[in-house]
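Here is a short tour to follow with the sequence and the 3D view open side by side. Please keep both at hand while you read.

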Amino acid sequence: MGGRLMELLVFVLALCLATGVAGIRLSFRAHRRIGAVQRMHDAQVEGARRRVAELEAALTQSDAARLRAEEDAFQSRRRHADLIRVVSRQMRTPLESVLGFSDLLRLNAGGEPLSHRQRQAAERIGEAATRLLTLVEGMSALAEAERPATGRLQRVDPLLLAHRACAPCCRMQRRPRFRWPCRSRRPD
């Protein structure tokens with residue numbers, strides 16, 4: 001009986017050792033795979049970080065280019081409006097002189113009567129000068145209306161604007177005395 005017990009004991013011990021060795025081998029294999037997956041994950045995270053940094057740099061460059069373009073457009077509009085204002089001011093003075101001269105001709109300040117042809121010419125000159133003066137004043141008014149009012153453009157946060165626009169409605173909805181017109185379709 002002692003020999004069988006010893007064989008059983010050796011068998012159980014061999015089985016435990018085999019199980020332990022197999023467990024250790026599985027553990028080492030699992031640690032290697034975990035390490036490989038961790039390295040792959042770290043590489044992907046690093047790649048994602050690099051890509052995020054690249055995209056942020058591109059966004060910064062894009063914003064800078066957009067701001068430069070907006071500033072250039074602003075300055076261009078201002079120069080255009082200033083040019084039209086100056087040109088209209090320079091044209092207004094001679095046109096008013098022509099109008100005054102045509103009025104003097106029509107009034108016949110010299111006392112000599114104008115022929116029919118001369119009177120028609122003076123009237124055409126006066127009408128044309130009046131039309132040109134109206135056109136110049138209209139251009140001046142249009143240029144002044146298009147001229148930017150401030151020297152700097154302001155950035156506007158659309159979410160902040162939406163929040164400010166919707167806040168009174170949200171407060172009104174939260175009040176207990178507020179009732180929805182249609183009770184069956186009340187929002188949650």
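## One turn apart in helix α1

Asp-63 and Arg-66 sit three residues apart in helix α1, so about one helical turn separates them. In this predicted model, the two form a salt bridge whose closest N and O atoms are 3.8 Å apart. Where does that leave the two residues with respect to the surface? Asp-63 is partly exposed, at a relative accessible area of 25%, and Arg-66 is partly exposed too, at 32%.

Arg-66 has another partner to look at. Its side chain meets that of Glu-70 in a salt bridge, at 3.0 Å from N to O. Glu-70 and Arg-66 are four residues apart in helix α1, so the separation is again about one helical turn. Glu-70 has 30% relative accessibility and therefore counts as partly exposed. Put together, Asp-63, Arg-66 and Glu-70 are linked in a network of salt bridges.

## Another pair along the helix

How many salt bridges does the structure hold? There are four, and one of them joins the side chains of Asp-82 and Arg-85, with 2.9 Å between N and O. Both residues belong to helix α1, where they are three residues apart, or about one turn of the helix.

Neither partner is hidden away: Asp-82 counts as partly exposed at 22% relative accessibility, and Arg-85 counts as partly exposed at 25%. The cut-off for buried is under 20%, so the 22% of Asp-82 falls outside that class.

## Where the helices meet

Now for the nonpolar side of things. Which residues make up the largest nonpolar core? The five are Leu-95, Leu-99, Ala-129, Leu-133 and Val-136. Helices α1 (2-107) and α2 (116-146) are the elements that give two or more residues to this core, and α2 has the largest share, with three.

Leu-99 is a good residue to click on. Apart from neighbours within four places in sequence, Leu-99 is in contact with Gly-126, Ala-129, Thr-130 and Leu-133. Of these, Ala-129 and Leu-133 are fellow members of the core.

## A buried serine

Ser-102 also has its place in helix α1. Is Ser-102 buried or exposed? Its relative accessibility is 1%, so Ser-102 counts as buried. A polar atom of the Ser-102 side chain lies 2.9 Å from the backbone oxygen of Leu-99, which ties this serine to the core residue described above.

What else does Ser-102 touch? With neighbours within four places in sequence set aside, Ser-102 is in contact with Ala-122, Ile-125 and Gly-126. Gly-126 appears among the contacts of Leu-99 as well.

## A histidine in helix α2

His-116 is found in helix α2. With 48% relative accessibility, His-116 counts as partly exposed; the cut-off for exposed is over 50%, so this residue stays outside that class. The side chain of His-116 makes a polar contact with the side chain of Gln-120, at 2.9 Å.

## The whole chain

Stepping back, the secondary structure comes to three helices and zero strands, and the elements run α-α-α from the N terminus on. Of the 188 residues, 9% count as buried, and Ser-102 is one of the buried residues. The protein exposes about 16,200 Å², with carbon and sulfur atoms supplying 61% of that area.

How do contacts spread along the sequence? Among those between residues at least 6 apart, 75% join residues at least 24 apart.

## How far to trust each part

The mean pLDDT of the protein is 80, and 78% of its residues reach 70 or more. Where is confidence highest, and where is it lowest? Helix α1 has the highest mean, at 87, while helix α3 (residues 158-174) has the lowest, at 65. Where pLDDT is low, the predicted coordinates should not be read in detail.

The salt-bridge pairs Asp-63 with Arg-66, Glu-70 with Arg-66 and Asp-82 with Arg-85 lie in helix α1, the helix where confidence is highest.

Technical notes:
Residues are numbered from 1 along each chain as its sequence is written. Side-chain values use heavy atoms; hydrogens and water are left out. A nonpolar core is a set of buried Ala, Val, Leu, Ile, Met, Phe, Trp, Tyr and Cys residues joined through side-chain atoms within 4.5 Å. Buried means under 20% relative accessible area, exposed over 50%, partly exposed in between (1.4 Å probe, protein chains only). Contact means heavy atoms within 4.5 Å. A polar contact is a pair of N or O atoms within 3.5 Å; within protein, one must be able to donate a hydrogen and the other to accept it, and residues adjacent in sequence count only if both atoms are side-chain atoms. pLDDT is the predictor's confidence in each residue, from 0 to 100. Accessible areas come from the Shrake-Rupley method with a 1.4 Å probe; for residues, only the protein chains shown count as cover.
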